[in-house]
Amino acid sequence: MSNIKERKVRTACFAAAILLQLTATLSLLTYTARTKHYAQKNGRIVNLACRAYDPYNPFKGRYVRLSFEEANVDKSKLDAESFENQSKRGDIYYLRMEEGADSLWTVRGIRAALPKQDGNIYIQGQTYIHSLDTVHITFPCSEYYMQENYAQYVDTIQWQDFNALQPVLSLYVDKKGRCIQKGLSVLDGTVRISIEEYCKRHIRT
């Protein structure tokens, strides 16, 4: 009788472990879709001005490496609640983002912990004191992947010309400050379009 009970317990534990794995896998598979839906519904799409990270080789493989204009922030522009002590390199902080009139977002505050809902949008980032007056910030999502033929085309663009297109990376931001890339856009003349559409137009011509 005890053997039957033991088998039932082992079977139940095995089934529970399988269910847990399936749940975790399903959660990972649907995370992107859930984050996009949440960000769109709650207006949590952040646009960051960026430029080519490496001026001599902006594209490596199938992705472009980007740096952001908000990577170095003047401490005088941060709110009074921002951390006062120097942070260690690599510490995770939450960046309070603020949208400007040009639809680009800037860092206006830094928190050691994610605040409770206060109406602001926060992005997880790594920070450290760059100097007495500047905070250096490492943003997530700095590598933008593209299909091979588009990457090959943009690889032929001089870095000055690429940055002159005023690239902007748009991000979906979830309630925990985690980001998923929405897209990279550039100016084609006076019209802002996706980098993929820009490549398609210029490859065709």
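A residue counts as buried when its relative accessible area is under 20%. Cys199 therefore falls in the buried class, because its relative accessibility is 0%. The structure discussed here is a predicted model. The points below cover its cysteines, an open five-stranded sheet and its largest nonpolar core.

**Cysteines**
- Cys50 is likewise buried, since its relative accessible area of 4% lies under the 20% limit.
- A disulfide is a covalent bond that links the sulfur atoms of two cysteines.
- Zero disulfides are found when the whole structure is searched.

**Open sheet**
- Five strands form an open sheet in the order β4-β8-β7-β5-β6, and their pairing is antiparallel.
- At the edges lie β4 (72-74) and β6 (105-111), each of which pairs on one side only.
- On average, neighbouring strands of this sheet are turned by 45° against each other, with direction ignored.
- Strand β4 runs antiparallel to β8 (residues 134-138), and three bridges join the two.
- Within β8, Thr134 is the bridge partner of Asp74.

**Nonpolar core**
- The largest nonpolar core comprises 38 residues, and Val107 and Ile195 have the most contacts inside it.
- Strand β1 (residues 45-52) supplies the largest share of this core, with four residues.
- In soluble globular proteins, nonpolar side chains tend to be buried together.
- Leaving aside residues up to four places away in sequence, Val107 touches Glu70, Val73, Lys77, Leu78, Leu95, Arg96, Met97, Ile137 and Phe139.

Methods. Residues are numbered from 1 along each chain as its sequence is written. This is a predicted model: local features need pLDDT of at least 70, side-chain atom pairs count only at pLDDT 80 or more; totals for chains, interfaces and linings use all residues. Side-chain values use heavy atoms; hydrogens and water are left out. Two strands pair if DSSP finds at least two bridges between them. Axes are lines fitted to C-alpha atoms, for helices over the stretch in contact, and angles run from 0 to 180 degrees between N-to-C directions. A nonpolar core is a set of buried Ala, Val, Leu, Ile, Met, Phe, Trp, Tyr and Cys residues joined through side-chain atoms within 4.5 Å. Buried means under 20% relative accessible area, exposed over 50%, partly exposed in between (1.4 Å probe, protein chains only). Contact means heavy atoms within 4.5 Å. A disulfide is a pair of cysteine sulfur atoms within 2.5 Å.
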